[in-house]
Amino acid sequence: MATKLVDLVYWRKLRKTGVVFTGLVVSLASLFQLSAITVISHICLGVMCVTFTLRFYYKLLELLRWNPGVHPFQSYLDYDSSLTDKETVVLVEEVVLMIAFAVTELKRLLFIESVIDSIKFVLLLYLLTYVGVETSGLTLIIAAVIAVFSLPMLYKKQQVRIRRVVRAIKAFIKKIKNLFVSLYEKVRPPPAPAAAPKPTVVTPPAPKQKAKSK
């Protein structure tokens, strides 16, 4: 499964990737005007128009004895897409682990286990409020699909230039960080001098009183 996704993302099978990418973008763009049920129904109807036409065409050739009765979609029918018991267990475990990890992280951020992480989460949520006003979730999904199918190929072709730019950005950020650290060191008040330890006064032992003679 992962190998097939990698093949799609890196355009190793150009025709298959083109069909998947175009279908995803067109389907998601159609959701701006139509509901999800309408879009899915129209896609299925379009596919069945093609499959019915080819099926009847091959059936006609079979009746005319020009075709030995080969099903045009037999390869798709023979393809086994079912999961074995082991694969099902592994898939369910991965989904459960992902859900448990997400719940744990949300609980940790919402109930402020780490102040720094919770502040970052608050800033992210605040930025998302502005993103939600300017764009919709569907727009972000379309942008994510385009990025998934374009950025890996861009990185593969421009790998040297991208690494050079990333190194330059990291160096610039490091300079800015060092500048702020140096400014903070100059502005920070000097630490208070440690109080000198008080000298310990050794008190001589009290003289023992002599016992009075009766």
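Q: Where in the chain is T17 found, and why is T17 called buried?
A: In this predicted model, T17 is found in helix α2, which spans residues 14-30. The relative accessible area of T17 is 0%, and buried means under 20%, so T17 meets the criterion and is called buried.

Q: Which residues is T17 in contact with, once its neighbours within four places in sequence are left aside?
A: T17 is in contact with D7, L8, W11 and F149, where a contact requires heavy atoms within 4.5 Å.

Q: What makes the pair E62 and K59 a salt bridge?
A: The closest N and O atoms of E62 and K59 are 3.8 Å apart, and the criterion asks for a side-chain nitrogen of Lys or Arg within 4 Å of a carboxyl oxygen of Asp or Glu, so the pair qualifies as a salt bridge.

Q: Why are E62 and K59 separated by about one helical turn?
A: Both residues belong to helix α3 (residues 36-63), and because they are three residues apart there, about one helical turn separates them.

Q: Why do E62 and K59 count as partly exposed?
A: E62 has a relative accessible area of 32%, while K59 has 37% relative accessibility. Partly exposed covers the range between under 20%, which is buried, and over 50%, which is exposed, so both E62 and K59 are placed in that class.

Q: What makes E105, R108 and D117 a network of salt bridges?
A: The side chains of E105 and R108 meet at 3.0 Å, N to O, and the side chains of D117 and R108 meet at 2.9 Å, N to O. The limit for a salt bridge is 4 Å, so each pair satisfies it, and E105, R108 and D117 are thereby linked in a network. E105 and R108 both lie in helix α5 (residues 85-110), three residues apart, which is about one turn of the helix. A search of the whole structure finds three salt bridges.

Q: Why are E105 and D117 called partly exposed?
A: E105 stands at 25% relative accessibility and D117 has a relative accessible area of 27%; since buried means under 20% and exposed over 50%, E105 and D117 are both partly exposed.

Q: Which residues gather in a patch of positive charge on the surface, and why does R161 count as exposed?
A: The patch of positive charge is formed by R161, R163, R164 and R167. R161 has its place in helix α8 (residues 159-187). At 55% relative accessibility, R161 lies over the 50% cut-off, so R161 counts as exposed.

Q: Which residues make the nonpolar surface patch, and why is I169 called partly exposed?
A: The nonpolar patch, of about 770 Å², is made by V165, I169, F172, I173, I176, L179, F180 and L183. I169 has its place in helix α8. The relative accessible area of I169 is 45%, which is not over 50% and not under 20%, so I169 is partly exposed.

Q: What does the secondary structure of the chain come to, and how much of the chain is buried?
A: The chain has eight helices and zero strands, following the pattern α-α-α-α-α-α-α-α along the sequence. Buried residues make up 8% of the 214 residues. The accessible surface comes to about 19,400 Å², with 71% belonging to carbon and sulfur atoms.

How values were computed: Residues are numbered from 1 along each chain as its sequence is written. This is a predicted model: local features need pLDDT of at least 70, side-chain atom pairs count only at pLDDT 80 or more; totals for chains, interfaces and linings use all residues. Side-chain values use heavy atoms; hydrogens and water are left out. Patches are made of residues with over 30% relative accessible area and no salt bridge: like charges are joined within 9 Å, nonpolar side chains (Val, Leu, Ile, Met, Phe, Trp, Tyr) within 5 Å. Accessible areas come from the Shrake-Rupley method with a 1.4 Å probe; for residues, only the protein chains shown count as cover. Lys and Arg count as positive and Asp and Glu as negative; His and the chain ends are not counted. The place of a charge is taken as NZ of Lys, CZ of Arg, CG of Asp or CD of Glu. Helices (H or I, at least four residues) and strands (E, at least two) are DSSP runs, numbered from the N terminus. Buried means under 20% relative accessible area, exposed over 50%, partly exposed in between (1.4 Å probe, protein chains only).
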